[in-house]
Amino acid sequence: MGTLKDKTLFISGASRGIGLAIAKKAAQDGANIVIAAKTAEENPKLPGTIYSAAKEIEQAGGKALPLVVDIRDEDQIKAAVDQAVETFGGLDICINNASAISLTGTLQTPMKRYDLMNQVNARGTFAVSQACLPHLLKAENPHILNLSPPLSMEPKWFAGHTAYTIAKYGMSMCVLGMAAEFADQGVAVNALWPKTVIYTAALAMLGDQVKPDYCRTPDIVADCAHIILTRDSKTCTGNFFIDEDVLAEEGITDLDRYAVKPGNPLLPDLFL
């Protein structure tokens with residue numbers, strides 16, 4: 001296959017960061033991108049809106065449909081999916097990228113933040129997948145891709161940020177369950193997670209906690225997503241992919257171009 005030309009991708013949280021990078025990579029093939037995100041107006045602290053993303057996607061060679069969607073609201077999700085299908089004639093790919101994060105301990109996590117993470121990460125992923133699936137089932141090579149980590153019950157992945165881990169693992173459990181549920185119908189459901197920290201505008205908001213010079217750019221995740229999404233959905237499902245491993249399978253081992261500052265040691269990401 002090798003190309004996403006004329007494929008329609010529904011991407012949550014595609015106004016910036018990893019979601020936008022995946023969208024622009026697909027746009028280079030001539031894909032249709034549904035930008036399902038909340039940001040319609042510029043935020044000086046967090047650059048990027050659905051409209052600025054649409055412009056970048058179109059400049060890259062794709063077609064863009066920017067839609068204001070809060071994935072905590074199932075009515076907004078349904079309306080966005082309906083509009084996407086009406087505009088582009090169907091859906092081929094669902095990418096659950098939107099995520100909320102708070103790396104806080106149990107006593108430091110307000111229930112409002114707990115609820116936000118679980119509503120966006122676990123529930124939002126389930127709701128978006130559920131809304132897209134009736135259309136994916138009609139597609140030629142349908143994929144769901146969740147930006148979530150491999151599952152592990154080791155306590156070290158929970159200690160320090162139990163609430164966040166529960167929320168991210170909720171996304172990964174969607175992969176585990178849905179991959180098995182829809183395997184016979186040919187819908188691929190996979191997870192993708194970076195080996196190292198990816199520097200994005202959202203990460204920059206954490207302040208000095210993460211130094212960009214020891215991170216990679218979102219391009220590595222975008223390139224890996226493209227590889228996965230062009231594989232045969234009937235034989236590529238139920239995987240918890242790590243970006244470096246995906247590239248290695250394709251014979252790509254020189255990853256310097258993905259470093260913010262080539263030559264620097266890289267920070268390992270959570271959950272690995």
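1. A good place to start in this predicted model is a single pairing: Leu9 has Ile33 as its bridge partner in β2. Between them, the two strands, β1 (residues 8-12) and β2, share five bridges and run parallel. To get from β1 to β2 the chain goes through helix α1 (residues 17-27), and the β-α-β crossover made this way is right-handed.

2. Now look at the other pairing of β2. Strand β3 (residues 63-68) is joined to β2 by six bridges, and these two strands also run parallel. One spot to find on screen is Asn32, which stands opposite Lys63 in β3. Here the helix of the unit is α2 (residues 50-60): together with β2 and β3 it makes a right-handed β-α-β unit.

3. How much of β2 is covered? Six of the six residues in this strand (residues 32-37) are buried. As a general point, side chains in a regular strand alternate between the two faces of the sheet. In β2, Asn32, Val34 and Ala36 point one way, while Ile33, Ile35 and Ala37 point the other way, and all of them are buried.

4. Asn32 deserves a stop of its own. This residue sits in strand β2 and counts as buried because its relative accessibility is 8%, below the 20% cut-off. Its side chain makes a polar contact of 3.1 Å with the side chain of Thr8. Setting aside neighbours within four places in sequence, Asn32 is in contact with Asp6, Lys7, Thr8, Leu9, Lys63 and Phe88.

5. Helix α1 is mostly covered, with eight of its eleven residues buried. Which ones are they? The buried residues of α1 are Ile18, Gly19, Leu20, Ala21, Ile22, Ala23, Ala26 and Ala27. They pack against β1, β2, α2, β4 (93-96) and α7 (219-229).

6. For a look at α2 from the side of one residue, pick Ala60, which lies in that helix. Is Ala60 buried or partly exposed? It is partly exposed, because its relative accessible area is 25%, between the cut-offs of 20% and 50%. Apart from neighbours within four places in sequence, Ala60 is in contact with Lys24, Ala27 and Gln28. The C-alpha atoms of Ala60 and Lys25 are 7.9 Å apart, although 35 residues separate the two along the chain.

7. Two backbone angles are worth checking. Most residues other than glycine have a negative phi. Asp6, however, has a positive phi, near 65°. This residue is in the segment before β1, and it is exposed, at 53% relative accessible area. Phe271 is not a glycine either, and its phi is positive at about 75°. Phe271 belongs to the segment after α8 (243-249), and with 3% relative accessibility it counts as buried.

8. Finally, the pockets. The largest pocket has a volume of about 1400 Å³. Its lining is made up of 46 residues, and those nearest the centre are Ser99, Ala100, Ile101, Thr200 and Ala202. Where do the lining residues come from? At least two residues are supplied by each of α1, β2, α4 (111-136), α5 (162-181) and α6 (201-204). That brings α1 and β2 back into the picture: both help line the largest pocket, and they are also the helix and strand of the crossover from β1.

Methods: Residues numbered from 1 in each chain as written. Predicted model: local features only at pLDDT ≥ 70, side-chain atom pairs only at ≥ 80, totals over all residues. Heavy atoms only, no water. Buried < 20%, exposed > 50% of the residue type's maximum accessible area, 1.4 Å probe, protein only. Helix = DSSP H or I, 4+ residues; strand = E, 2+ residues; numbered from the N terminus. Pairing = 2+ DSSP bridges. Right-handed = clockwise from strand over helix to strand, strands pointing away. Contact = heavy atoms within 4.5 Å. Polar contact = N/O pair within 3.5 Å; in protein donor to acceptor, adjacent residues only side chain to side chain. 1 Å grid on protein atoms, 1.4 Å probe; cavity = no way out; pocket = protein on both sides within 12 Å on 5 of 7 lines; lining within 4 Å. Points joined across faces, edges and corners; volume = space filled by probe spheres on them.
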